[in-house]
Amino acid sequence: MWKIEFYDEKVMNDTFSLPKKILAKMLRVFEIIEEPGPQLGEPYTKPLFDGLFEVRAKG
């Protein structure tokens with residue numbers, strides 16, 4: 001199982017400050033990608049660089 005890690009504390013705080021509806025979708029995406037990992041692909045994740053992935057949740 002994969003562990004979700006934030007790039008830094010600011011990103012984590014910004015994520016948890018999202019509007020409730022978007023945050024709920026983001027948390028659901030976190031649950032979805034925990035098993036297969038970030039390579040799950042779009043529409044849930046997108047590779048950025050050096051093993052860093054963007055997690056995507058539509059609002």
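# Exercises on a predicted chain

Lys-58 lies in the segment after strand 2. Strands (E, at least two residues) and helices (H or I, at least four) are DSSP runs, numbered from the N terminus.

The model is predicted: local features need pLDDT of at least 70, side-chain atom pairs count only at pLDDT 80 or more, and totals for chains, interfaces and linings use all residues. Residues are numbered from 1 along each chain as its sequence is written, and side-chain values use heavy atoms, with hydrogens and water left out.

## Exercise 1: the C-terminal segment

**Task.** Determine whether Lys-58 is buried or exposed, and give the C-alpha separation of Lys-58 and Glu-31.

**Solution.**
1. Set the classes: buried is under 20% relative accessible area, exposed is over 50%, and partly exposed is in between (1.4 Å probe, protein chains only).
2. Lys-58 has a relative accessible area of 72%, so the residue is exposed.
3. The C-alpha atoms of Lys-58 and Glu-31 are 15 Å apart, with their positions 27 residues apart along the chain.

## Exercise 2: the overall fold

**Task.** State the order of the elements and compare the radius of gyration with that of a compact globule.

**Solution.**
1. Count the elements: two helices and two strands.
2. Read them from the N terminus: α-α-β-β.
3. Take the radius over C-alpha atoms; the globule rule is 2.2 Å times the number of residues to the power 0.38.
4. For 59 residues the rule gives a value near 10 Å; the chain has 11 Å, which agrees.
5. Add the extents: the C-alpha trace spans about 25 × 20 × 20 Å along its principal axes.
6. Add burial: 17% of the 59 residues count as buried.

## Exercise 3: the faces of helix 2

**Task.** Check the length of helix 2, then find where its buried residues point.

**Solution.**
1. Helix 2 covers residues 20-34, which is 15 residues.
2. The expected span is 1.5 Å times one less than the number of residues.
3. From first to last C-alpha, helix 2 reaches 21 Å, close to the 21 Å expected.
4. List its buried residues: Leu-23, Met-26, Val-29, Phe-30 and Ile-33.
5. Seen down the axis, they fall within an arc of 115° (directions from the helix axis to the C-beta atoms), so they line one face of helix 2.
6. That face packs against helix 1 (9-16), strand 1 and strand 2 (contact: heavy atoms within 4.5 Å).
7. Lys-20 and Lys-21 are exposed on the other side of helix 2.

## Exercise 4: the hairpin

**Task.** Describe how strand 1 and strand 2 pair, and characterise Asp-50 in the turn.

**Solution.**
1. Strands pair if DSSP finds at least two bridges between them.
2. Strand 1 (residues 45-49) and strand 2 (residues 52-55) have four bridges, in the antiparallel sense.
3. Locate one position: Pro-47 is opposite Phe-53 of strand 2.
4. Two residues separate the strands of this hairpin.
5. Asp-50 sits in that loop. Its phi is near 45°, a positive value in a residue other than glycine.
6. Asp-50 is exposed, at 79% relative accessible area.

## Exercise 5: Thr-45 and the loop before it

**Task.** Work out the surroundings of Thr-45 and identify the cis peptide bond.

**Solution.**
1. Thr-45 belongs to strand 1.
2. Its relative accessibility is 1%, so Thr-45 counts as buried.
3. Leave out residues up to four places away in sequence; Thr-45 then touches Ile-33, Pro-38, Gln-39, Leu-40, Phe-53, Glu-54 and Arg-56.
4. A polar atom of the Thr-45 side chain lies 3.0 Å from the backbone nitrogen of Gly-41.
5. The cis bond joins Glu-42 and Pro-43, with omega about 15°.
6. Pro-43 is in the loop between helix 2 and strand 1.

How values were computed. A polar contact is a pair of N or O atoms within 3.5 Å; within protein, one must be able to donate a hydrogen and the other to accept it, and residues adjacent in sequence count only if both atoms are side-chain atoms.
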